[in-house]
Amino acid sequence: VKFEGGKLPSSIGGLIHLRFLRLFEAGVSHLPSSLRNLKLLLYLDLDVACKEPVHVPNVLKEMLELRYLFLPPLMHDKTKLELGDLVNMEQVWSFSTQHSNVTDLLRMTKLRSLDVSLSERCTFKTLSSSLRELSNLETLDFSISSKTIMVDYVGEFDLDFIHLKELGLAVRMSKIPHQHQFPPHLEHIYLLYCRMEEDPMPILEKLLHLKSVELRPEAFIGRKMLCSKGGFPQLYALNIYKESELEEWIVEEGS
């Protein structure tokens, strides 16, 4: 539904027994502070698909039962959210280091899935060292909050999380990191807007547990890609999507 003026009515706060609230693509740009009354919420989806920054009041910290949280990808610059008390959280989507403190994640020891957006004030290395305490993390997605951030993240990359199965990277990297810097049991990886100049296949094919690989737009801007004999022993899905610079793809027998 569409709300008048892009504002969710404050009367939503009267639904005090609500467990599930999904505002997916509702176009809401302003959320009321009365949301703090929804203390029994388990699932909250604020991915409202608004074209302008969304104002989110700092009330989520009071929803102590919350397990699944989808934040707006685009939030107002002055938005500051405290999430440190949400210890039951299992999935957080669109967490931004610009609007929340990385240390808030450290108490979410039940977290299994995290999508995080990096700002200029938080380095990849700082974030990954903090996340290493989250021993239950199985799915991790990294992106940058602004296309103007031109940092090459290869030197900071260190994600040897023991339980991580799925990894998404939408950060600038001139080349794929060494295989020993990846989680040892990684099964799924997708790369987006990395603009890698070197062929990532010689590294990816050495990740023995990989079952699926996706190269999405601008992941690789080189012209030639090689999958060598004996590589990708468990791979069953390879998606190469809109890699417009690619001219030659060699697949050796036994790859």
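Trainee: Why is the contact between lysine 211 and glutamate 187 called a salt bridge?

Mentor: In this predicted model, the closest N and O atoms of lysine 211 and glutamate 187 are 4.0 Å apart, and a salt bridge asks for a side-chain nitrogen of Lys or Arg within 4 Å of a carboxyl oxygen of Asp or Glu, so the pair is counted as one. The pair links distant parts of the chain, since lysine 211 lies in the loop between helix 2 (201-204) and strand 9 (212-215), while glutamate 187 lies in the loop between strand 7 (166-170) and strand 8 (188-191), 24 residues apart.

Trainee: What makes lysine 211 partly exposed?

Mentor: Its relative accessibility is 27%, and because buried means under 20% and exposed means over 50%, a value in between is called partly exposed.

Trainee: How many salt bridges does a search of the whole structure find, and which residues are joined into one network by shared partners?

Mentor: The search finds 11 salt bridges, and those that share partners join Arg36, Lys39 and Glu62 into one network.

Trainee: How do you know that aspartate 85 and arginine 107 form a salt bridge, and where in the chain do they lie?

Mentor: Their closest N and O atoms are 2.9 Å apart, which is within the 4 Å cut-off, so the pair qualifies. Aspartate 85 is in the loop between strand 3 (68-70) and strand 4 (91-96), and arginine 107 is in the loop between strand 4 and strand 5 (113-118), 22 residues apart, so this pair too links distant parts of the chain. Aspartate 85 has 41% relative accessibility and arginine 107 has 46%, and each is called partly exposed because its value falls between 20% and 50%.

Trainee: What makes arginine 67 and glutamate 65 a salt bridge, and are these residues buried or exposed, or in between?

Mentor: The closest N and O atoms of arginine 67 and glutamate 65 are 3.9 Å apart, which is within 4 Å, so the condition is met. Arginine 67, at 25% relative accessibility, counts as partly exposed, and glutamate 65, at 34%, counts as partly exposed as well.

Trainee: How do you know that strand 3 and strand 4 pair?

Mentor: Pairing needs at least two bridges between the strands, and strand 3 and strand 4 have three, in the parallel sense, so they pair. In one of these strands, strand 4, glutamine 91 is the bridge partner of tyrosine 68. Both strands belong to an open sheet of 10 strands with parallel pairing, in the order 1-2-3-4-5-6-7-8-9-11.

Trainee: Why are strand 1 (20-22) and strand 11 called edge strands?

Mentor: Strand 1 and strand 11 each pair on one side only, and that is what earns them the name. From one strand to the next, the twist averages 10 degrees.

Trainee: What is known about leucine 238, in strand 11, and which patch does it help to make?

Mentor: Leucine 238 has a relative accessible area of 32% and is therefore partly exposed. With Trp249 and Val251, Leu238 makes a nonpolar surface patch of about 270 Å², and its 32% passes the requirement of over 30% for a patch residue.

Trainee: Why is there no disulfide between cysteine 194 and cysteine 227?

Mentor: The sulfur of cysteine 194 is 17 Å from that of cysteine 227, its closest cysteine sulfur, which is too far for a bond, because a disulfide requires sulfur atoms within 2.5 Å. The structure holds zero disulfides.

Trainee: What makes these two cysteines buried?

Mentor: Cysteine 194 has a relative accessible area of 0% and cysteine 227 has 3%, and because buried means under 20%, the word applies to each of them.

Key: Residues numbered from 1 in each chain as written. Predicted model: local features only at pLDDT ≥ 70, side-chain atom pairs only at ≥ 80, totals over all residues. Heavy atoms only, no water. Patch = residues over 30% accessible without salt bridge, like charges linked within 9 Å, V, L, I, M, F, W, Y side chains within 5 Å. Areas by Shrake-Rupley, 256 points an atom, 1.4 Å probe, with all protein chains shown as cover. Buried < 20%, exposed > 50% of the residue type's maximum accessible area, 1.4 Å probe, protein only. Helix = DSSP H or I, 4+ residues; strand = E, 2+ residues; numbered from the N terminus. Axes fitted to C-alpha atoms, helices over the stretch in contact; angles between N-to-C directions.
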